[in-house]
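Q: Could you take me through one part of this structure slowly, a pair of aromatic rings and what surrounds it, and then show how that part fits into the rest?

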Amino acid sequence: MTKQELAAKIWATANVLRKNIKASEYKDYILGFMFYKYLSDREIEFIKKEGGNVEELKHVTEADDIKYFRDNLGYFITYSDLFSSWQTLGKKLGAQVVTEAIERFYQSLSSKSARVFYVYHLDVDRHSGVFNALDAGLSKLGENIGSRDKAVRDIIDLVAQIPTQSQPYDVLGYIYEYLIREFSSEAKKDGAFYTPHELTSLMARIIAERLKDRSSGSDIEVYDPCVGTAGLLLNIGTEIGKYHDKDHIKYYGQELITETSNLAKMNLFMKEIKVDNLIIRNADTLDEDWPIDPKNHCGPLYVDAVTANPPYSAHWDPELHTSDERFRQYGLAPSTKADLAFLLHCLYHIKPDGIMAIVLPHGVLFRGGAEEEIRKNLIENNNIETIIGLPSNLFFSTGIPVIVMILSKNRAASDVLFIDASQSFQKDKTQNVLQESDVQRIYDAVIARQGIPHFARLVTKEQIVAEGYNLNIPRYISATQEEAPYDLYALMTGEIAKDELESFADCWQQFPQLRSKLFAADGSYSRFRTEDIAGVVHADEGVAAFQSDFQAQCQGFHTYLTHTLIDSPTDERTHDTITDTLFQTFRQSPLVDVYDIYQAFSDRWTAIEADLTLIHEEGREICRQIEPDIVLKKNTKTKRFEEVMVGMRGKVIPLGLIKKTYFPEDLAKIQKLLRKADETAANSQGIFENLSEDAKEAIVKDDDDTKYELKKLKAAIKSPIDLTADDLAALQQLLHEIDAEKAYKKKAKTAAAELEKKTEAKAQALTDTEVHDMLEKTWIAPVTDAIQSVMQRVIDDFIRALKDLEEKYANPLSELDKQEQEESAKLKSLMRELTGSDTDVKALQLLMEEL
């Protein structure tokens, strides 16, 4: 299921239920039921792997049998409590069924699982756990038992369609983000917050790069003190897992909000992380120092990496922490801005060779007082490695721009890398989004630690000290590039200064003959030789050679992708391997930004990855399989969205591609029939518009005199009262055109139905060679076509820039002055010929003197 399909299904159910519950609570029900479904499915998979089947779960009642499940899964769900069993209950399924099942689930937990999913509070004699919303909050779903039970069934129907197994994206995190975005006003009030995936990916990759050479076999411990839904931890685990055994990654997380900490547990558990490696705590990070090392007499635990996106400018009480080890060396953050308190907590918990990445507001870089003192100590201790300035409006919950700061302990180097990525984004409605190419560009700059004009600068400690320990990014680097100023001589003459033409130096170097074809030089200034700039550029031999060379590179990359994605087995490293090859292939391509090429690939990778996941799970045969194409449509009577089948679709290979490839003549026939239908419709409209007023009045609709009614048209022809012979002939011709249009559409519909059958049959009978060809057209061709378009955009942008330059100096002041003088002379000549009274003549003389 794609993100778009998932979003549509969630929204359809949300529209029904959102009047009863708040957005923040609605997501808890969706995600809670989703996790329960995952646990049920996992149990079913387990018994199948053990050689049994689902029916055998009905007979698992003995203590030893239940213990076997608890020892292997950490829990046991009875047959009647399985999510799939709920779906068979019909209207018998309700809130009480769910509540009782959740209670039995808690009782079944092993001691290890109970530590993660269940907490008993002795002081108030109650329990809480990951299913709080399902065992204690179902009463909020309706005013009475009937409405609550109906709401439970609606949510379960929705969740049944949500994939809980491996997907090429974080399903739970995406649902969380989607819901808080759609219920925007409520979610902001409730403090709902989600770190965009692209940002978590950037931070995770930076951390993983630092840890990739750690000795294999040893545990790698990562920690997030403001864990949220665990998106940051999950991304770090994914990236580190490319280099290390995933079973040797330990996850520590702390979260203040109970419901959110439960979501973190669910999210991590659904990624098959061992219970022993999953330590999530519900507590206040600043008030209680954690994690604690059980092997070191309960002293602080130092981990390999810490990552965090803490609440911005939170309030805390520094007076309670005057002797706190976490802050003793650096100082206490002010009570109204705890940003640097979170930073120091993170820094305290990393190992001497560890690394941390934290998201913070820009204010920490330049605010004075206590924060300035902390900043000074961090700089003097060489803790700050990198500061990355990000675009505004990246986050749903706040529009302020933020930074990512990378820090470490015991660092020998003292320089700081500043990156201004404030302009690195794509606009998506009201939000700014980091593209994959933006993430890659920032990551590469962090790893290279070299200066890049208008993007990155390595700054010495001495320079920072000279700036008074102010780390405000614009003091050191700015992504904003000033526009070329107007040249005064060029404004006067229309000639173009050599300096402005030098802005195209890369193009002149690549196309050595083109400059002289476009411009006539006279010293330091030049004039355009031609008005047909595009024609001259496209006709240039150097441009043609550039395009040919790039096409050859694309063809080589096309061959490589085909071999890698279709002819060879793929794994979780495939994407990175392709990325490395892409940069090796195109990094030295002149004029073309390799990051634009990478974005062209990334835009299409999500769909490819989804197909690869299906093939891994179900085998190559899935490429020949088709399934009902289900869409959500709004029922005009009930006003509810309903699933409607609109035909069939290929699970991997699009049926439309099969039509184009194997049945082009059938498609052409249908298109011809539809064109004829359009032509007859146009003829009908033309005849109608040219009818006499009497004829029109006889056939127009009662409520819309711009349209005709077929029933009235036939009646008027049958009984042509008060109509002339010409009117009658026109109406008969109109009816003929209408009938012809219907006939063409009917033939097109019949032909389309026949083509659908042929296409479906062909899809299921594709040979191995044909499957290979279809996959190449589905996956590879769109990528290389998109890369080709990147090159073409370079040429188009070059031509556009030249035209803008021509327009800039198209009306020189000297010519305007000459025109003005000529027009003034003509006016004077005409005025001399005027006659009138003495007063008029004197007035004309005075006016001519002024002119």
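A: F105 is a good place to begin: in this predicted model, its relative accessible area is 1%, and because buried means under 20%, F105 counts as buried. Its ring partner is Y75, which has a relative accessibility of 0% and is therefore buried as well. The two rings form a tilted aromatic pair, with 5.7 Å from centre to centre and 50 degrees between the planes. In general, a pair of aromatic rings is described by the distance of the centres and the angle of the planes. The pair links distant parts of the chain, since Y75 sits in the loop between helix 3 (63–73) and helix 4 (83–86), while F105 belongs to helix 5 (residues 95–108), 30 residues away.

These two rings are also part of a wider group, for ring pairs join Y75 and F105 into a cluster with F33, F35, Y36, Y38, F83, W86, Y106, F117, F131 and F269. Across the whole structure, a search finds 38 aromatic pairs.

A second pair, W316 and F327, can be set beside the one described above: its ring centres are 5.3 Å apart and its planes stand at 65 degrees, so the pair is edge-to-face. W316 lies in the loop between strand 8 (303–308) and helix 14 (325–328), and F327 lies in helix 14, so this pair ties together parts of the chain that are 11 residues apart in sequence. Both partners are buried, W316 with a relative accessible area of 9% and F327 with one of 2%.

From the rings we can move to the nonpolar interior. The largest nonpolar core has 99 residues, and those with the most contacts inside it are F35, V98, F131 and I419; F35 and F131 have already appeared as members of the ring cluster. Helix 2 (residues 23–49) gives this core its largest share, 13 residues. Apart from this core lies another, of 69 residues, which includes I496, L501, L582 and Y598.

V98 deserves a closer look, because apart from neighbours within four places in sequence it is in contact with F33, W86, L93, L134, L138, V152 and I156. Two of these partners, V152 and I156, are among the buried residues of helix 8, together with R148, D149, A151, R153, D154, I155, L158 and V159. Helix 8 (residues 145–159) has 15 residues and spans 21 Å from its first C-alpha to its last, close to the 21 Å expected at 1.5 Å a residue. At the start of helix 8, a side-chain oxygen of N144 comes to within 3.2 Å of the backbone nitrogen of G146.

Not every buried residue is nonpolar, and E255, in strand 4 (residues 249–255), is buried with a relative accessible area of 9%. The side chain of E255 reaches the backbone nitrogen of I257 at 3.2 Å. Leaving aside neighbours within four places in sequence, E255 is in contact with C226, V227, G228, T260, S261, R281, N282 and A283. E255 and T229 are 26 residues apart in sequence, yet 9.0 Å apart in space from C-alpha to C-alpha.

Finally, a word on the cysteines: the structure holds 0 disulfides. Two cysteines that are buried are C507, with a relative accessible area of 13%, and C554, at 4%.

Conventions. Residues numbered from 1 in each chain as written. Predicted model: local features only at pLDDT ≥ 70, side-chain atom pairs only at ≥ 80, totals over all residues. Heavy atoms only, no water. Helix = DSSP H or I, 4+ residues; strand = E, 2+ residues; numbered from the N terminus. Expected span 1.5 Å × (residues − 1). Buried < 20%, exposed > 50% of the residue type's maximum accessible area, 1.4 Å probe, protein only. Polar contact = N/O pair within 3.5 Å; in protein donor to acceptor, adjacent residues only side chain to side chain. Core = buried A, V, L, I, M, F, W, Y, C linked by side-chain atoms within 4.5 Å. Contact = heavy atoms within 4.5 Å. Disulfide = S-S within 2.5 Å. Phe/Tyr/Trp six-rings, centres within 6.5 Å; stacked < 30°, edge-to-face > 60°.
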